[in-house]
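Student: I'm new to this one and would like to know what the labels rest on. Can we go through them together?

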Amino acid sequence: MFTRNLYSIARYTRGLATHATSIGRVPAVLHLKSGESFVGRSFGAETSTYGETVFSTSITSYTESMTDPSYRGQILVFTTPLIGNYGVPLNKTPIDGQDVGVYLESEGIQCSAIVVADVAERFSHHRAVESIASWCKRYNVPGITGVDTRAITRLLRDQGTTLGRLAVGEDAHAALPKDDEYWDPAQENLVEQISTKQPYVLNPTGDIKIAVIDFGAKANILRSLVRRDAAVTVLPWNFDFNTVRDQYDGLFLTNGPGDPRHCMEAALHLRRTLQEWSKPVFGICMGHQVIGMAAGLDAYRMTFGNRGHNQPVLALASSGSIKAGRVYVTSQNHQYALKLQDPFPAGWEPFFINCNDSSVEGIKSTADSGKKVWGVQFHPESAGGPLDTIEMFTDFLTECRAHKMEFGLNPQEVMGETNVEPALAFTAAARRVAVAA
Ligand SMILES: NC(=O)CC[C@H](N)C(=O)O
């Protein structure tokens with residue numbers, strides 16, 4: 001008992017002791033392209049940046065959101081007023097059949113900047129090793145605190161996602177940026193920047209071989225596959241899977257940042273896969289949008305993106321653990337969606353619909369199409385957010401295993417050929433380094 005108390009005191013004081021930051025001294029201003037400015041104080045890196053200003057209604061998991069590659073290029077406003085109170089954990093895990101090398105969602109902070117009402121100067125958590133301010137500083141990401149995030153959110157909620165500038169230090173006193181100075185991440189292929197450059201393998205001894213197309217994968221997607229004993233080969237976003245598809249039992253398409261229409265090349269590769277290959281395919285968020293584009297649906301930019309961990313979606317069809325007519329609470333982070341069209345392309349049907357804005361939340365191949373393909377706009381892997389739909393990973397791998405049982409081994413395995421898959425080993429060097437770009 002005594003030891004435990006000492007331990008908690010030590011944890012608490014570590015939070016106090018390691019927190020000598022400069023919060024309060026350096027001015028910062030958040031400018032929106034629509035003309036509004038919000039004056040506050042800087043924390044983290046003392047550098048200015050541009051980005052797309054978005055808000056998230058999640059009340060926890062700021063560490064997971066900030067390391068989610070889908071937030072790349074975005075100035076992230078947290079509607080929860082107090083951010084940073086549980087600090088930041090050590091972002092490392094072993095690489096084995098249970099884990100993928102990082103504890104958070106990627107190796108570093110992905111968003112351009114963060115905006116909070118009240119950054120916690122003290123933190124306390126048994127896993128915490130540093131404050132959010134020192135973490136932001138290490139990754140050269142600026143933050144602003146002391147601004148009215150309710151007012152910012154109401155603006156964004158009325159006018160939609162808006163380009164912004166976080167001006168820090170001297171820049172905070174500079175003239176307002178001109179309209180054409182605002183950097184628009186939607187114009188760039190952010191996936192190209194973040195996707196792995198080299199293929200790599202996780203959990204090579206897994207019983208089922210899954211290829212993952214990496215548009216900017218959250219680590220929990222990869223964890224959710226390897227923890228269900230899949231051997232996972234991660235491939236660059238524009239890799240033509242058709243050249244290696246005979247070696248795999250299933251295909252997975254990940255989340256990723258930016259406009260999915262920059263990934264048309266991937267959609268065209270996938271269109272051929274879907275025409276010629278009958279094994280299961282599953283996509284999340286960007287992956288779902290790419291599946292939709294391959295199926296002939298259009299993707300569009302929403303005025304109001306969905307970001308938060310409390311998005312209700314209604315299942316329109318039953319499949320595996322998902323039951324038609326049920327509402328699932330989901331984690332989301334997207335600005336684009338697939339257009340609902342009537343009729344849907346032949347062989348496809350809507351799977352989920354968003355209960356708030358009626359946007360398409362999922363599509364699937366129809367029962368009579370002879371295919372097993374699912375795409376969901378939300379994040380079943382959570383991290384952060386609810387686990388309502390986590391069993392979709394089990395459903396996908398169950399289908400892959402069933403297909404393997406029914407149709408037997410892959411051609412190479414039957415012929416006793418050496419495995420010619422392009423990915424040889426998982427190495428630290430092969431993983432993307434989040435801060436490089
Ligand atoms: N989380 C994601 O994969 C987001 C997909 C896409 N970048 C969008 O904003 O809609």
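Tutor: Sure, let's start with a definition: a residue is buried if 20 or more other C-beta atoms lie within 10 Å of its own, exposed if 12 or fewer, and partly exposed in between, with C-beta atoms placed from the backbone. Keep in mind that this is a predicted model, where local features need pLDDT of at least 70, side-chain atom pairs count only at pLDDT 80 or more, and totals for chains, interfaces and linings use all residues. Residues are numbered from 1 along each chain as its sequence is written.

Student: Why is Cys 285 called buried?

Tutor: Cys 285 has 31 C-beta neighbours inside 10 Å, and the label asks for 20 or more, so Cys 285 counts as buried. Cys 285 sits in the loop between strand 16 and helix 8 (286–295); helices (H or I, at least four residues) and strands (E, at least two) are DSSP runs, numbered from the N terminus.

Student: What makes the phi of Cys 285 worth a remark?

Tutor: Phi of Cys 285 is near 55 degrees, a positive value in a residue other than glycine. Most residues other than glycine have a negative phi.

Student: Why is Asn 140 called buried, exposed or partly exposed?

Tutor: Count the neighbours: Asn 140 has 14 other C-beta atoms within 10 Å. Buried takes 20 or more and exposed takes 12 or fewer, so Asn 140 is partly exposed. Asn 140 also has a positive phi, near 60 degrees, and is found in the loop between helix 3 (132–138) and strand 10 (142–145).

Student: And what makes Gly 51 buried?

Tutor: Gly 51, in strand 3, has 22 C-beta neighbours inside 10 Å. The cut-off is 20 or more, so Gly 51 counts as buried.

Student: Which residues is Gly 51 in contact with, leaving aside neighbours within four places in sequence?

Tutor: Contact means that the C-beta atoms of two residues, placed from the backbone, lie within 7 Å. By that test the partners of Gly 51 include Gly 73, Gln 74, Ile 75, Ser 112, Ala 113, Gly 164 and Pro 185. Across the whole chain, 77% of the contacts between residues at least 6 apart in sequence join residues at least 24 apart.

Student: How do you know that the buried residues of helix 4 line one face?

Tutor: The buried ones in helix 4 (residues 149–159) are Thr 149, Ile 152 and Leu 156. Seen down the axis of helix 4, they fall within an arc of 60 degrees, so they line one face of the helix; the arc is that of the directions from the helix axis to the C-beta atoms. An α-helix has 3.6 residues a turn, so residues three or four places apart point the same way.

Student: What is on the other side of helix 4, and what covers the buried residues?

Tutor: Arg 150, Ala 151, Arg 154, Arg 157 and Asp 158 are exposed on the other side of helix 4. The cover over the buried residues includes strand 2 (37–44), strand 3 (49–56), strand 4 (74–78), strand 7 (113–116) and strand 11 (162–168). Gly 160, with a positive phi near 90 degrees, follows helix 4.

Student: Which peptide bonds are called cis, and where are they?

Tutor: One joins Asp 342 and Pro 343, with omega about 0 degrees, and Pro 343 lies in the loop between strand 18 and strand 19 (348–354). Another runs from Ala 383 to Gly 384, with omega near -5 degrees. Most peptide bonds are trans.

Student: What makes a residue of the ligand's shell nonpolar, polar or charged?

Tutor: Ala, Val, Leu, Ile, Met, Phe, Trp, Tyr, Cys and Pro count as nonpolar, Asp, Glu, Lys and Arg as charged, and the others, Gly among them, as polar. The shell divides into five nonpolar, seven polar and no charged residues. Among those around the ligand are Ser 70, Cys 285, Met 286 and His 334. Strand 18 (residues 327–338) gives the largest share, four residues.

Student: How do you know where the model is confident?

Tutor: From pLDDT, the predictor's confidence in each residue, from 0 to 100. The chain averages 91, and 88% of the residues score at least 70. Among the elements, helix 1 (residues 2–17) has the lowest mean, 43, and strand 16 (residues 281–284) the highest, 99. Over residues 414–437, pLDDT stays under 50.

Terms used:
Near = placed C-beta within 6 Å.
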